[in-house]
Amino acid sequence: MSHSSPIQAVIFDWAGTIVDFGSFAPTSIFVEAFKQGFDFEISLDEAREPMGIGKWDHIKAVGQIPAVNARWTAQFGQEMQDSDVDAIYAAFMPLQKAKVADHAKPILNAVEVVNDLKHKGIKIGSCSGYPRQVMDVLIQWRQITAINQTMSSQRMTCHKVAAQRHLWH
């Protein structure tokens, strides 16, 4: 169906926009991964602060939050290192894959909005800070929401902004 709108495409993020109202899957699992990997406490607010970037970069960004950095340095005698981020990420990924499906219910009216845009001839894409292996769990919703293309953080150089350059040729 053609449309007269100047809008040709809409790109949605997954967590918190299409599924998982409040982005509880990643935030609660970040808290758990820090605890599991290093017996280190972070709050849900700290876990949520850098939301929307790739998960490895997210963990590193949490470690750079001044309050987290101060507690980490006090507990471990130095700032968080890339090897620490690797260890937390290694704890995070299995937890994320196991729990993301628990939060995969579409947000109220998200499916209707996507389908209405599609009906108007507007292409729909999505992007996510989730890596591909987590998106594979969520991809089942792609058929339900009629999303044309999905980008994970592993396929994007600049995360969400890059999706606009890569989704449609």
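**Two annotated residues in a predicted model**

Trainee: Is Lys 55 buried or exposed in this predicted model?
Mentor: The relative accessibility of Lys 55 is 5%. Buried means under 20% relative accessible area, so Lys 55 counts as buried.

Trainee: Which residues is Lys 55 in contact with, leaving aside its neighbours within four places in sequence?
Mentor: Lys 55 has its place in helix 3, residues 55–64. With the neighbours within four places in sequence left aside, its contacts are Pro 26, Phe 30, Tyr 89, Phe 92, Gly 129, Tyr 130 and Pro 131.

Trainee: Which residues does the UniProt annotation "active site" cover?
Mentor: The annotation comes from an unreviewed UniProt entry. The residues it covers are Asp 13 and Lys 55.

Trainee: What is the largest C-alpha distance in this set?
Mentor: The set is spread over 43 residues of sequence. In space, however, the residues cluster, and the largest C-alpha distance is 14.2 Å.

Trainee: Which residues from this set does the lining of the largest cavity take in?
Mentor: The set is the one that UniProt annotates as "active site". From it, the lining of the largest cavity takes in Asp 13 and Lys 55.

Trainee: Is Asp 13 buried or exposed?
Mentor: Asp 13 lies in strand 1, residues 9–13. Its relative accessible area is 17%. The cut-off for buried is under 20%, so Asp 13 is buried.

Trainee: How many helices and strands are there in the chain?
Mentor: From the N terminus on, the elements run β-α-α-α-α-α-α-β-α-α-β-α. In that notation α stands for a helix and β for a strand, and the chain has nine helices and three strands.

Methods: Residues are numbered from 1 along each chain as its sequence is written. This is a predicted model: local features need pLDDT of at least 70, side-chain atom pairs count only at pLDDT 80 or more; totals for chains, interfaces and linings use all residues. Side-chain values use heavy atoms; hydrogens and water are left out. UniProt positions are given in the numbering used here, feature names are shortened, and annotations may be inferred rather than shown by experiment. On a 1 Å grid over the protein atoms alone, a cavity is a set of points where a 1.4 Å probe fits but cannot get out, and a pocket is an open set with protein on both sides within 12 Å along at least five of seven lines; lining residues have an atom within 4 Å of a point. Helices (H or I, at least four residues) and strands (E, at least two) are DSSP runs, numbered from the N terminus. Buried means under 20% relative accessible area, exposed over 50%, partly exposed in between (1.4 Å probe, protein chains only). Contact means heavy atoms within 4.5 Å.
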